[in-house]
Amino acid sequence: MKVMVCLKQVPHQDARLDVNSDGTWIQEDNIKFEINSYDTYAIEEALRLKDAGDAEVVVVSIGPDRVTQALRTALGMGADRAVHVNDAAAQGADALGTAKILAAVAKEEGADVIFTGLMADDDNASAIPPMVAELLDMPSATGVTATEISEASIKVERELEGGALEVVELPKPCLIAIQTGANQVRYASLKGIMQAKKKPVDVKTLADLGVADSAGHAHNKATINKISVPAKGDTAEILEGSTDEIVTQLVGKIKELGLL
Amino acid sequence: MGTILVVAEIQKGAIRESSYELVAVARELAESGGHDVNGLVIGSGVGDLATDFASKGAGKTLVVDDVSAANYNVDIWSKAIKAAAESTGADLILIANTPSGWDVAPRIAAGLDCAFVSDCFKIASLDGNGGNFVRRVFNGKLDAEVSTSGKTVATVQPGATAAFEGSSDGGTEALSTDLSARASFVEIKLAESTGVDLTKADIIVSGGRGVGSAEKFPEVIQPLADALGGAMGASRPVVDAGWLDHPYQVGSSGQIVTPKLYLAIGISGAIQHLVGMKASNFIVAINKDADAPIFEVANVGVVADLFDIVPALTNALKAAKG
């Protein structure tokens, strides 16, 4: 069985977010990047299938040279191979264009199961996974917190509101977008990291994948024109002073509420 | 000019509030741009609900009424919405960003090979050649203005707009479409009751990722909750990391709470958390990052290291109580 995991490298959750010079995204120079948190759970879910049987796990990412680091981390965790789509034309592609690239990779790979994260920590869009499934004409489920695999299908639990879960069964091939907290994500071991150095990373361009005429920023149907710090509405009254002064004010507020 | 298709969602036998919020968005755009508004209702035994939807703002409403659509199914919804989009020639298809909405909406855009915008809270304009949308990115820390070209599928953040309360003309019309599905619904599992019921607490002290580790909850957060006679809660990253169990989670996928006093400690304020606590009577936020979105819903904020403030506050409260 071939399992593909799509992963995105995103700015570190604690990275400084400064708007870039043309105001359309954040300044990405000199900030730390990491694997999107949702995707780490997707990698773990795939590796569990590998641990349980004969699955080959292929990790795929789109992005510039820095993305190699994220792929090496996933290989260090235990993935078998990596595909790195490294093409300037893919930079700034919209969700549908990005989905077309990933679908082309999945087709080449002949993936039986595709795991992704539910969304990315940077654009929070939750758009690409169902698109990839639609382009490949396979069923999909998003926000998945548990999977149970059998020969021909996968039973999944999808998170709904208020802690309720929806149980759905999908025949293979299918795509599953994993919610955070679905499992306990492993770390790359030292041995894993050493082994990862010998594992293959195939570098591809959009032309290699046959999507140069349909995907990439030149074909965008949705474009970010402006990024800005949200206008503050009725923002909080900020308490100032030393720790003691602040604490005194807080105790005063709680007293006023009649809760002390 | 064009047509806006509004996809309704049924929950517990009624059309959801978020569907009428979509109607409000559609009606506002329709008024300024001269668009038509059409509805789509998918379900089983939903004729009356569809008639209601048609007369309460959605206008002419297409109905997929079949026993196979009794529960949400990604394949059926995907086919029905694509068929409705084609039959109405819609330029804009609106779907609420709920667990069903985000599951199906991107498939529609991919199937129609058109633009997609996710979880927007404002649609600034719509004309014959696309629209302008505003959404939050980076967990609520930044806004992004997105423009689309051509036909567009957009999901809208629930609660971003007030629900439509007017009326409209327009009957219902059955939409025939292929209802075969590969995905099969098995069951809904309701949340287990665990004894931690934050919805009844008058005071909740919640910790977030900024608390840093599992050990700090009994050391720092619980003592403050105890000093106030309140309950301890947490944001999603805390539960995801296994620091606390799911019953402590406040937010859209956890508990929705409205205590008299809510203290958010080391919580930046991702939308999914804010949804769960912003209706609290009084909110105090303590966070190192002055730009954290939590300060927008808080009544009182402290921009400082929680490990300085919280133990001192706990001691002061104990002293005040004597």
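**Exercise 1.** How many bridges join strand β5 (residues 81–85) of chain A to β11(A), and in which sense do the two strands run?

*Solution.* The structure is a predicted model, in which local features need pLDDT of at least 70, side-chain atom pairs count only at pLDDT 80 or more, and totals for chains, interfaces and linings use all residues. Residues are numbered from 1 along each chain as its sequence is written, chains are lettered from A and ligands numbered from 1 in the order in which they are written, and side-chain values use heavy atoms, with hydrogens and water left out.

Step 1: fix the terms. Helices (H or I, at least four residues) and strands (E, at least two) are DSSP runs, numbered from the N terminus. Two strands pair if DSSP finds at least two bridges between them.

Step 2: apply them. Four bridges link β5(A) and β11(A), and the strands run parallel. Within this pairing, Val85(A) has Lys204(A) of β11(A) as its bridge partner.

**Exercise 2.** Place β11(A) in its sheet and find where chain B joins.

*Solution.* Step 1: read the order. The sheet is open, has 10 strands with mixed pairing, and runs β11(A)-β5(A)-β4(A)-β1(A)-β6(A)-β10(A)-β7(A)-β8(A)-β9(A)-β12(B).

Step 2: find the edges. β11 (201–204) of chain A and β12 of chain B each pair on one side only, as edge strands. On average, neighbouring strands are turned by 30 degrees against each other, direction ignored.

Step 3: look at the joint between chains. β9(A) pairs with β12 (residues 184–189) of chain B in the antiparallel sense, over five bridges. Here Val168(A) has Phe185(B) as its bridge partner.

**Exercise 3.** Describe the other sheet that holds strands of both chains, and the helices packed on it.

*Solution.* Step 1: the order is β13(A)-β17(B)-β16(B)-β15(B)-β13(B)-β14(B), an open sheet of six strands with parallel pairing. Its edge strands are β13 of chain A and β14 (231–234) of chain B.

Step 2: β13 (residues 203–207) of chain B is joined to β14(B) by four bridges. Ile204(B) stands opposite Ala231(B) in β14(B).

Step 3: angles run from 0 to 180 degrees between N-to-C directions, with axes fitted to C-alpha atoms, for helices over the stretch in contact. α6(A) lies across β13 of chain A and β15 (261–265), β16 (283–287) and β17 (300–303) of chain B, at about 160 degrees to β17(B). Helix α5 (residues 216–228) of chain B touches β13, β14 and β15 of chain B, and its direction makes about 165 degrees with that of β13(B).

**Exercise 4.** Describe the interface of chain A and chain B in numbers.

*Solution.* Step 1: contact means heavy atoms within 4.5 Å. By this rule 77 residues of chain A touch 80 residues of chain B.

Step 2: buried area is the accessible area (1.4 Å probe) that two parts lose on being put together, summed over both. The chains bury about 6,700 Å² between them, 57% of it on carbon and sulfur atoms. Glu134(A), Glu161(A) and Lys221(A) supply 10% of the area that chain A buries against chain B, more than any other three residues.

Step 3: count salt bridges (a side-chain nitrogen of Lys or Arg within 4 Å of a carboxyl oxygen of Asp or Glu). The interface has 11 salt bridges. One of them joins Arg107(B) and Glu134(A), at 2.8 Å from N to O.
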